[in-house]
Amino acid sequence: MIFFFTGTGNSLDAAQQMATRFEDQLISIAEAINHKTFDFDLKPEEKIGFVFPVYFWGVPSIVSDFIAQLKLHNYHNQYIYTVLTCGGSVGQTHRLLSKMLFNKGYRLNAAFSVQMPDNYILMFQINTPAEKVSEILNSARKRMHEIMAVIEKQGNSKKLLTKGATPWIYTSFFYPIYRKGRKTKPFFVTDSCTSCGLCESICPSKVISLEKGLPIWKEGQCVQCLACIHRCPESAIQYGKRTIPIERYVNPVLK
C-alpha cells in the first residue's frame, strides 16, 4: 500500500515506479481527503509507503492532515517507509513524519530521498534547461532502483537519505514559514486564460473555483503544490510578478 501526494508529478513518478515493481496499490492522499477515506485494512506482511515532496524542508500540510486522521487497521509493526522527493535535501522532514506516525501508534522504519527537478518558483528563479531536467530524471530513476532494492528487503540505508549539511537549521527556520505563510492573495490569472477549468479540477485542497469562467483562490487552505501554475496549458496563472518570466515544469508522467 503506497500513499502518495503530488503536485507536478515528481512524487507520482516515484510512487508509480514502486507500485509497478512491488505490484502494490497506489492511494492518492488528496483523493482520500476529499472523499474522507481514512480507514485502511492491512495484510500481515504488507509494506506501507508514504511518497510526497518536501516543502520548506518539511511535510506538506495535506500530508500531515491526512496522517492526523489515518487509521491503519490490523497494524502489527508492519514495515513503514517513506520516499521523499526534493530539489536537493530533505532537512528533518523524515523526523517530522516519524513523529506524526508515532503519535498515531505507528513506527517509521525507513526513510529515503530522491532528487527531482525543482519547481518552487514562488521564491526561486528556476529555469532548468530541458537537457538538465532529463539528466536529473535519469539519475532519479537510478536512485529509485537502489531505494526499491532496500525496500524489498525491508531495510534502511542512511546513504539513500540526503538531509543536507545543517538539517535541523533548515527545518526549524523554514518550515514554520510554510506552515504560517501559504497566502493565496498573490495568485492571479492573465488574459490568456481559456476557462478550461483544469486548475479547479486538479487542485488537491479544492481552494480554486471558477467565477465567470476565471479561477478564484480561497484564502487559508492552499497547500502550495503549484499544480495550478505549472500545469496550466496557457501558463496563464501567476503568483505576483515573480513567476511571469519563469518556465513551467511538469513531470513526464502527467504529460
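Two strands are taken to pair if DSSP finds at least two bridges between them. On this criterion, in the predicted model described here, strand β9 (residues 208-211) pairs with β10 in the antiparallel sense over 4 bridges, and within this arrangement Ser209 has Ile216 of β10 as its bridge partner. The hairpin formed by β9 and β10 has 2 residues between the strands, and Lys212 in this hairpin takes a positive phi near 55 degrees. In a regular strand the side chains alternate between the two faces of the sheet. Strand β10 (residues 214-217) presents a covered face made up of Pro215 and Trp217, whereas Leu214 and Ile216 form its uncovered face; Ile216, the bridge partner of Ser209, thus belongs to the uncovered face.

Positive phi values were also found outside this hairpin, at Trp57 and at Ser235. Most residues other than glycine have a negative phi, and most peptide bonds are trans. Trp57, which is not a glycine, has a positive phi of about 55 degrees and is located in the loop that runs between β4 (48-53) and α3 (61-69); with a relative accessibility of 21%, Trp57 counts as partly exposed, because the buried class is confined to values under 20%. Ser235 has a phi near 50 degrees, again positive in a residue other than glycine, and is placed in the loop between α8 (227-231) and β11 (237-239), where its relative accessible area of 34% makes Ser235 partly exposed.

Trp57 is also among the residues touched by Gln92, together with Lys163, Pro167, Trp168 and Thr171, when residues up to four places away in sequence are not counted. Gln92 itself lies in the loop between β6 and α4 (93-103), and, although it is a loop residue, Gln92 counts as buried because its relative accessibility is 3%. A contrasting case is provided by Lys153, which lies in the loop between α5 (130-152) and α6 (167-180) and counts as exposed at 73% relative accessibility. Lys153 and Lys71 are separated by 82 residues in sequence and, C-alpha to C-alpha, by 25 Å in space.

Helix α3 contributes Ser61, Ile62, Val63, Ser64, Phe66 and Ile67 as its buried residues. The elements covering these buried residues include β1 (2-4), α2 (29-34) and β3 (39-41), along with β4, α4 and α6.

Empty space in the model was examined next. Rolling a probe the size of a water molecule over the atoms shows where empty space is left. The largest pocket holds about 510 Å³ of space, and 27 residues line this pocket, with Val54, Phe56, Gly87, Asp118 and Tyr120 the closest to its centre. Two or more residues of the lining are given by each of α1 (10-22) and β6 (80-86). By class, the lining of the largest pocket comprises 15 nonpolar, 11 polar and 1 charged residues.

In addition, the structure holds 2 cavities of 30 Å³ or more. In the largest cavity there is about 120 Å³ of space, and among its 16 lining residues Cys193, Cys196, Cys199, Cys232 and Ile237 lie nearest the centre; the lining divides into 12 nonpolar, 3 polar and 1 charged residues. The second largest cavity contains about 80 Å³ of space and has a lining of 14 residues, those nearest its centre being Cys203, Pro204, Cys222, Cys225 and Cys228. This second lining has 12 nonpolar and 2 polar residues, with no charged residues.

Given the cysteines that lie nearest the centres of both cavities, the disulfide content was considered. A disulfide is a covalent bond between the sulfur atoms of two cysteines. A search of the whole structure finds 0 disulfides. Cys199 is in no disulfide, the nearest cysteine sulfur being that of Cys196 at 6.3 Å, and Cys199 counts as buried because its relative accessibility is 10%. Cys86 is likewise in no disulfide, and its nearest cysteine sulfur, that of Cys225, is 17 Å away; with a relative accessible area of 6%, Cys86 is buried.

Notes. Residues numbered from 1 in each chain as written. Predicted model: local features only at pLDDT ≥ 70, side-chain atom pairs only at ≥ 80, totals over all residues. Heavy atoms only, no water. 1 Å grid on protein atoms, 1.4 Å probe; cavity = no way out; pocket = protein on both sides within 12 Å on 5 of 7 lines; lining within 4 Å. Points joined across faces, edges and corners; volume = space filled by probe spheres on them. Nonpolar A, V, L, I, M, F, W, Y, C, P; charged D, E, K, R; others polar. Buried < 20%, exposed > 50% of the residue type's maximum accessible area, 1.4 Å probe, protein only. Contact = heavy atoms within 4.5 Å. Disulfide = S-S within 2.5 Å.
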